[in-house]
2 protein chains.
Amino acid sequence: MPELRQDPLVGRWIIFATERTRRPHDFLDHHNQIAEPKINPFAEGNEQLTPPEIFAVRPPNSKPNGPGWKVRVVPNKFPVLRIEGTLEKEGDGLYDRMSGIGAHEVVIETPKHDEQLEEQSLEGVANVVESFRVRLVDLFKDSRFRYVLVFKNFGRDAGATLSHPHSQIIATPVTPKVVKEKLAGAQKYYEQKERNIFADILRQELKDSRRVVYQNASFVCFCPYASRFPFELTIMPRRQCPDFHRIDPQEVLQLADVLKVSLLKLRRGLNQPQYNFLIHTASARYPKRDYWMTLEQDYRWHIEITPRLTQIAGFEVGTGFYVNPVLPEDAAQFLKEVEV
Amino acid sequence: MPELRQDPLVGRWIIFATERTRRPHDFLDHHNQIAEPKINPFAEGNEQLTPPEIFAVRPPNSKPNGPGWKVRVVPNKFPVLRIEGTLEKEGDGLYDRMSGIGAHEVVIETPKHDEQLEEQSLEGVANVVESFRVRLVDLFKDSRFRYVLVFKNFGRDAGATLSHPHSQIIATPVTPKVVKEKLAGAQKYYEQKERNIFADILRQELKDSRRVVYQNASFVCFCPYASRFPFELTIMPRRQCPDFHRIDPQEVLQLADVLKVSLLKLRRGLNQPQYNFLIHTASARYPKRDYWMTLEQDYRWHIEITPRLTQIAGFEVGTGFYVNPVLPEDAAQFLKEVEV
């Protein structure tokens, strides 16, 4: 059974995915590439190689777990957290731990092995975005979960272990530390100024315009002022809403557009770099505490896209203090000029 | 001039090392190995290829910036922060920035290109530790600096750009976010319990013993309860002191011993993995605020060693929520059995 443990000093939770445990000798080879399985379990026609699908975008006449789909969401065969069981919490001397209850799903973005997300049609990307939404609505109904992470690892250095285009969803029984900090930071700003920090950021970025890469009717894509990584991008909705899963149908299409353009600009401008993207959405709202009451006004969901062009040095992980060799104004200028 | 910028939501500071700026096309090749210079500037006899030394361990009869040294500390030729200038702070709309004043030094650990830190004699490692101490005492005298980071990147994935054995020291005008969190966490624990959290952790680890890898008269090396990475190690002093640079001569030798043993166990047990180490010490104490008054009792310096055996996925950087496939009890058991 996986287990969560909390760092007693800084409150960070760690998932120990013991069912994935490799033996120490598995760590001896430091140069392993992505070890592709002989048969691609995510390809059309191989549906029986994954656990049964939870959700799919497929024509009305096609059968679940058969071919014909456009997007498939399936449980991860090697999940870091388990859906079955009750959430047990206990102390361990001065430490705290809880059972590794959660969900870990894979969003197979396309039946085509060699078609990256940004190469899909607008409708294709919209199907992926809509799949995220549907799964989040469902997962947030489970009262054991506090947070749902939607993310994509593209490339081995970015954490991918299979090359068929896919993203992942992890539901967790705790709110991740950085999410808590973002929620608290937004709340504090609102209390001090009676203004939403995301609205203020968006206003300043649009007025300044040097860091804006692309915008459409519903979203703005910009290189954040304090970017941790070269060519880091933030996608921010214009409409105030703390929850990604309350995105409306028009916004699904607009988000597909801004995602496609942003990823294409990275791909064409920077020679298809490895990257991660991450949807930052608000936590679940139960138990209803005062803490969450202001969320509707003060927090806004957003997406972070981080290309992996530099190594992450040890002191950056250990101190949260990043060194970035490229100013966001220069990165934005460069990406703005990339034709897509 | 380098510049520091603060993330307005979570308070994280980023160093923009613009004098190191590479042009976007420099990012097109994603497979660059360590690009060794033709002539090794850190080798004995090439002292004129580095800026003049700030400190060295060398026999009394040998001349500065000539051969004969055992350890040399020199300014980094490509510093991320600049020592010259005054610290200017200014707002930028809702954002905050300051000039990139600081220090960036390289500790050349040995004249021998192929002798890793853990392969040096005990005296050799002690010379490196003593060099860290001497430089920290000096850098903490500069009232522009709030924190001094001592760290080592071994291997390209861990952030190294030269293979000659070296560590680095960066003095910064702000206290890094994670350090602030550790200081605050330790203070809160002390306020609640009138006990030092590091003393409590050490007591529990020694009593439990399953996570202890090695100990000597002054230090204990263990795999922390909520390890972020497989085979992560913490080296904790037995004596309560917030500041690394107040280490006594006996402790310098004992630290050399525990560092050498820990790194040798990683090297022999895990096929010389890439790794980082990081000394976590307290911040500078000026301006004297109440905040710092309890530090003597509540905070303790320590070292984190993090092998790079797994990829750091995007959501781990974005959320502070790590997945670790190896329990610290299993990692410690494995390392305990590695003969050194």
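Start by selecting A:Arg239 and A:Glu251: they form a salt bridge, with their closest N and O atoms 2.9 Å apart. Keep in mind as you look around that this is a predicted model. A:Arg239 sits in the loop between β12 (233-237) and α4 of chain A, while A:Glu251 belongs to helix α4 of chain A, so the pair ties together parts that are 12 residues apart in sequence. Side chains of opposite charge can pair when their charged atoms come close. A search over all chains of the whole structure finds 62 salt bridges.

Next, stay with helix α4 and show its whole length, residues 249-269 of chain A, together with helix α1, residues 122-139 of chain A. The two pack at an angle of about 115 degrees, and their axes are 8 Å apart. The helices α1(A) and α4(A) are therefore roughly perpendicular to each other, and their crossing is right-handed.

Now colour the residues that make this contact. On α1(A), pick A:Leu122, A:Val125, A:Ala126, A:Val129 and A:Glu130. On α4(A), pick A:Val252, A:Leu253, A:Leu255, A:Ala256, A:Asp257, A:Leu259 and A:Lys260. What kinds of residues make up the contact of α1(A) with α4(A)? Nine are nonpolar, three are charged and none is polar.

Finally, bring chain B into view beside chain A. Chain B superposes on chain A after a rotation of 180 degrees with 0.0 Å of shift along the axis, giving an RMSD of 0.0 Å. That is the relation of a two-fold axis. To find the axis from chain B, select B:Val317, whose C-alpha is the nearest to it in that chain, at 3.9 Å. The copies meet through the same surface, because 100% of the interface residues of chain B are also interface residues in chain A.

Notes. Residues are numbered from 1 along each chain as its sequence is written. Chains are lettered from A and ligands numbered from 1 in the order in which they are written. This is a predicted model: local features need pLDDT of at least 70, side-chain atom pairs count only at pLDDT 80 or more; totals for chains, interfaces and linings use all residues. Side-chain values use heavy atoms; hydrogens and water are left out. Axes are lines fitted to C-alpha atoms, for helices over the stretch in contact, and angles run from 0 to 180 degrees between N-to-C directions. Helices (H or I, at least four residues) and strands (E, at least two) are DSSP runs, numbered from the N terminus. Angles under 35 degrees count as roughly parallel, over 145 as roughly antiparallel, 65 to 115 as roughly perpendicular and the rest as oblique. A crossing is left-handed if the near helix is turned anticlockwise from the far one by less than a right angle, and right-handed if clockwise. Contact means heavy atoms within 4.5 Å. Ala, Val, Leu, Ile, Met, Phe, Trp, Tyr, Cys and Pro count as nonpolar, Asp, Glu, Lys and Arg as charged, and the others, Gly among them, as polar. Copies are superposed by least squares on the C-alpha atoms of residues with pLDDT of at least 70 in both. A salt bridge is a side-chain nitrogen of Lys or Arg within 4 Å of a carboxyl oxygen of Asp or Glu.
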